[in-house]
Amino acid sequence: MAPFICDRCGKCCVSLGQSITIERQLNDRDYYCRSKIDNTIFLAHVDEEFREEIADEFLAAGSSSDDGVKMPCPFLRKRPSGTEYCCAIYATRPKVCKDFLCYHMLIRTRDGAICGRVIGKNTLRTEDPELERIWNAEVTPVPFTNALEWIKQVTAILAGHGYWAESVE
Ligand code: SF4
Ligand code: SF4
């Protein structure tokens, strides 16, 4: 098993504004929040670097309703120093976010470079045309009735072509 590595693209958080909501502000860094995905409440503690902007946004939003509009999670932030996104409450993010892995298998070349990720049941994300060809021809027909058996078969198919597949956790 390989460790899951989040590259902070922000894609999983970009439409969660209606699922992760702030119920109440406790002070300028602490919020009483709800995760509607698993219907739990959690206390969010905002990182100091985002304290002011999140408090300002919360006040500005007032009681406005965004029903039907896809909004980013209120804690998704762009790092001031670059293009990467980050979670402003990373240490206190809700359980659904802590548990979420956006891919379950990593595929590497012979040199160890990451060349593919498997998301959902058996969808490949890759920019390697040879890997894509092998996947479509040989992996897609493998039945997904048992996850462990599927991993075993797919790993063997890819190894036969010089690729190394690993489940992530
Ligand atoms: S968990 Fe996945 S989708 Fe979400 S930010 Fe990380 S890499 Fe992007
Ligand atoms: S709490 Fe953090 S990890 Fe969870 S959806 Fe919001 S920004 Fe993403």
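Biologist: In what order do the elements of the protein run from the N terminus on?

Modeller: The order is β-β-β-α-β-β-α-β-β-β-α-α-β, with 4 helices and 9 strands in the protein. Helices here are DSSP runs of H or I of at least four residues, strands are runs of E of at least two, and both are numbered from the N terminus. This is a predicted model, where local features need pLDDT of at least 70, side-chain atom pairs count only at pLDDT 80 or more, and totals for chains, interfaces and linings use all residues. Residues are numbered from 1 along each chain as its sequence is written, while chains are lettered from A and ligands numbered from 1 in the order in which they are written.

Biologist: Why is the protein called more spread out than a compact globule?

Modeller: Its radius of gyration is 20 Å, well over the 15 Å that the globule rule gives for 169 residues, so it counts as more spread out. The radius is taken over C-alpha atoms, and the rule is 2.2 Å times the number of residues to the power 0.38. Those C-alpha atoms fill a box of roughly 55 × 35 × 25 Å along the principal axes.

Biologist: What makes β1 and β3 edge strands?

Modeller: β1 (20-25) and β3 (40-45) each have a single partner strand, so one side of each lacks a neighbour in the sheet. The open sheet has the order β1-β2-β3 with antiparallel pairing. Two strands pair if DSSP finds at least two bridges between them; β2 (residues 30-35) and β3 have 6 bridges, so by that rule they pair. Within this pair, R34 stands opposite I41 in β3.

Biologist: How do you know that β6 pairs with β9?

Modeller: 4 bridges join β6 (residues 105-108) to β9, and the two run antiparallel; with a threshold of at least two, they therefore pair. The bridge partner of R108 in β9 is W164. Both strands belong to an open sheet of 4 strands ordered β8-β7-β6-β9, whose edge strands are β8 (123-126) and β9 (164-167).

Biologist: Which residues are around ligand 2, and what makes them its neighbours?

Modeller: They are C13, L16, I20, C73, F75, L76, C87, I89, R93 and C97. Each counts as near because its C-beta atom, placed from the backbone, lies within 6 Å of the ligand.

Biologist: How many residues of that shell are nonpolar, and how many are charged?

Modeller: The shell has 9 nonpolar, no polar and 1 charged residues. Cys, Leu, Ile and Phe count as nonpolar and Arg as charged, so R93 is the charged one.
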